[in-house]
Amino acid sequence: MSENKEQWGSRIGLVLAMAGNAVGLGNFLRFPVQAIQNGGGTFMIPYLVCFFAMGIPLLFVEWSMGRFGGKYGNHSTPFILDKMSKFKFWKYVGVFGIFTNLAVAAYYCYLESWTLSWVWNSIAGTFSGKSQAEVASYFGSYVGLENPIMPIAAWILCLLLNTWILSRGLSGGVEKIAKIGMPLLILFGIFLAIMAYNVKAGVNGAVNDASVGLNFLWKPANEVGDIFSAKVWMAAAGQIFFTLSVGMGSIQCYASYLKKRDDIALNAMTAGFTNEFVEVVLGSSIIIPIAVGYLGIDNVIEMTKTGGLGLGFKTLPYLFEQWGRVLAVICGVFWFGLLFFAGITSSLAMGTPVMGFLQDEFGWKRQPAAWFFGFLVFILGLPTVLFFNYGVFDEYDYWAGTFSLVLFALLEIILFAYFFGMKKGWEEITTGADIKVPIIFKYFIMIVTPALLLWVFINNLPNLWAQITNQAIYDEMAKATDLNQIWELRKKLWFVNGSRILLLTVWGAIAYLVYVAYRKRVKASLTNESK
Amino acid sequence: MEKGALIMMLSTMGIVAGFTFFFFYKMMTVKPKVDSDEDSYSENDTENK
């Protein structure tokens, strides 16, 4: 039995920590971009349907799996899954629940450190008097490590901060940050949304009213048939999946510190809807109205083709400067502060499953486990910092932050519905529930959610093949005429393949540790039996 | 704003905000378990009161 004695301080603390785990940079940078690229208002109907048919069932499943595992002293997915079926291979599926957290934390902490640097840059006036192109090129030089002191110092500071908070435990660290960070994030978001809604054509260089951007975002697409488009549904399902942080193993870990009779149904709904509030209400009200207000629709469509990071880090600081020095500082600090809180509440959740595993299986104390996690994230994250321009960051994001999540979620829901059994599963969900869980979710978990996940997974297979075969890099090589460019692409190929080998090694090492832990458990149970 | 966009925006935000506040309110006001030492939250433990 585990000696892990972690405990949540309060129910509100747990819900805010869970909501903080889900709320990330994607709520503000990915969601509006996905909505724009998939028909604006038309995107919202599939989005909400997917939230009810896939998001909520997955939340119920992960919360109940966690609480179930916690009853047996398991606080990470390998042995939570192991306890749910007599088939022993499930613990190796659970390896994803540790691997994903570790690998995502490795690049996510770097992303988080950008927000810290941009808070500082906003205060120091780095973007003051600069053109839009100059602000954008500052981002390029930052990630290209032209002046490495600031990027590396901010990254290490971020890592130390995460590790220190984790070393304070659940109630003394994670929960306290969630209780401060989440209300501040919402407050900053409301302030920025008010500022965005007040953008008026002709004032401070704006070319459109805020309503033009909002209209663009929320207008149902011209073609009625768009709502049946597979591409739109696929994007909506993908967004719901990534925004809720399901398929990672962190929800199970947080929930494993709950007792048998504690509610999970109302907690899961509250945390899930808090994430949706931040995404739908705040996420849609900041970046697009401001960007369309100043740059026009065509420019924004062009910019969103490469995702939301560019708009958030390269464009918004320049646009804030149009509001005058004082407001530029306030809005810069609020925007990047908001992103920082969104990031840190998620990265802390990534640390707890790794720590839980070390504490449960190898008897580590909390503090060494936290510092070891910090050390691992440093080592694994180093290539993403040093070789960002060679695609290492994107490679981690694809394999750990996309592929592993979908695969793990698909397998865990099959385990829950068909190996653990829906009768027991439904009992787990409803035991101690403070709300009546509609029976329809039982059928969603059995049929609709696995089918949707399978569909998402199958639709991603062509991307998977293109990724494995490095199609994009070879296409670029075929077009390249300059020898230097070809050489750079060859180097990129080397780094991309190298990072895959590294990630595979990490997965294998965790699987080996799970095997060692399993042998230890078998030995301990044999010793107990012989006594 | 166009009527369709405005309806879509207000109804979506309304549904999401409504459910969020409802669940939050319910969570904050629900009675704790009879024996608070049996729940998971250290702040509810008798010795901390």
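This report walks through a predicted model of two chains, A and B, looking at how they meet and what lies inside chain A.

## Where the two chains meet

Let's start at the boundary between the chains. On one side, 43 residues of chain A take part, and they are in contact with 28 residues of chain B. Together the chains bury about 3,200 Å², and carbon and sulfur atoms give 69% of that area. Three residues stand out here: Trp218(A), Arg261(A) and Phe273(A) supply 18% of the area that chain A buries against chain B, more than any other three residues.

How many salt bridges are there between chain A and chain B? The count is zero. What the rule does find across this interface is five residue pairs in polar contact, with both residues of each pair at pLDDT 80 or more.

Several helices of chain A help to build the side that touches chain B. At least two residues each come from α1 (11–22), α4 (41–71), α10 (170–197), α11 (210–218) and α14 (265–283). Of the elements of chain A, α14(A) gives the most to this side, with 10 residues. If you sort the residues on this side of chain A by kind, you get 22 nonpolar, 12 polar and nine charged.

## The nonpolar cores

Now for the inside. The largest nonpolar core has 199 residues, and the ones with the most contacts inside it are Phe28(A), Trp63(A), Trp114(A), Trp218(A) and Trp335(A). Helix α20 (residues 392–430) of chain A brings the largest share of this core, 21 residues. To get a feel for one of these spots, pick Trp335(A): setting aside residues up to four places away in sequence, it touches Phe28(A), Leu29(A), Leu192(A), Ile286(A), Ile287(A), Gly312(A), Leu316(A) and Phe320(A).

Apart from the largest core lies another one, of six residues, including Ile473(A), Ala480(A), Leu489(A) and Leu493(A).

## A helix that is mostly enclosed

Why is α11(A) described as largely enclosed by the rest of the structure? Because seven of its nine residues are buried. The buried ones in α11(A) are Ala210(A), Gly213(A), Leu214(A), Asn215(A), Phe216(A), Leu217(A) and Trp218(A). You have met Trp218(A) already: it is among the residues with the most contacts inside the largest core, and it is also one of the three residues that supply 18% of the area chain A buries against chain B.

## Charged partners

Side chains of opposite charge can pair when their charged atoms come close. Over all chains, the count comes to 11 salt bridges. One of them joins the side chains of Arg11(A) and Asp434(A), at 2.9 Å from N to O. This pair links distant parts of the chain, 423 residues apart: Arg11(A) is in helix α1, while Asp434(A) is in the loop between α20 and α21 (440–459). Arg11(A) is buried, with a relative accessible area of 15%. Salt bridges that share partners also join Arg11(A), Asp263(A) and Asp434(A) into one network.

Another salt bridge pairs Arg67(A) with Glu428(A), whose closest N and O atoms are 3.6 Å apart. It too links distant parts of the chain, from helix α4 to helix α20, 361 residues apart. Both Arg67(A) and Glu428(A) are buried. Then there is Arg325(A), which forms a salt bridge with Glu321(A), the closest N and O atoms being 3.5 Å apart. Arg325(A) is partly exposed, at 33% relative accessible area, whereas Glu321(A) is buried, at 17%.

## A look at some loops

The loop between α22 (461–468) and α23 (471–479) of chain A holds Asn470(A), and Thr469(A) is in that loop as well. Buried or exposed, which is Asn470(A)? It is buried, because its relative accessible area of 8% is under 20%. Leaving aside neighbours within four places in sequence, Asn470(A) is in contact with Leu493(A), Val496(A), Asn497(A) and Arg500(A). Thr469(A) is partly exposed, at 27%, and a polar atom of its side chain lies 2.8 Å from the backbone oxygen of Trp465(A).

Two other loop residues have a positive phi without being glycine. Leu145(A) has a phi near 55 degrees and lies in the loop between α8 (132–143) and α9 (149–167). Ser245(A) has a phi of about 60 degrees and lies in the loop between α12 (230–243) and α13 (250–255). Leu145(A) is buried, at 15% relative accessible area, and Ser245(A) is buried too, at 9%.

Key. Residues numbered from 1 in each chain as written. Chains lettered and ligands numbered in written order. Predicted model: local features only at pLDDT ≥ 70, side-chain atom pairs only at ≥ 80, totals over all residues. Heavy atoms only, no water. Contact = heavy atoms within 4.5 Å. Buried area = accessible area lost by both parts, 1.4 Å probe. Salt bridge = Lys/Arg side-chain N within 4 Å of Asp/Glu carboxyl O. Polar contact = N/O pair within 3.5 Å; in protein donor to acceptor, adjacent residues only side chain to side chain. Helix = DSSP H or I, 4+ residues; strand = E, 2+ residues; numbered from the N terminus. Nonpolar A, V, L, I, M, F, W, Y, C, P; charged D, E, K, R; others polar. Core = buried A, V, L, I, M, F, W, Y, C linked by side-chain atoms within 4.5 Å. Buried < 20%, exposed > 50% of the residue type's maximum accessible area, 1.4 Å probe, protein only.
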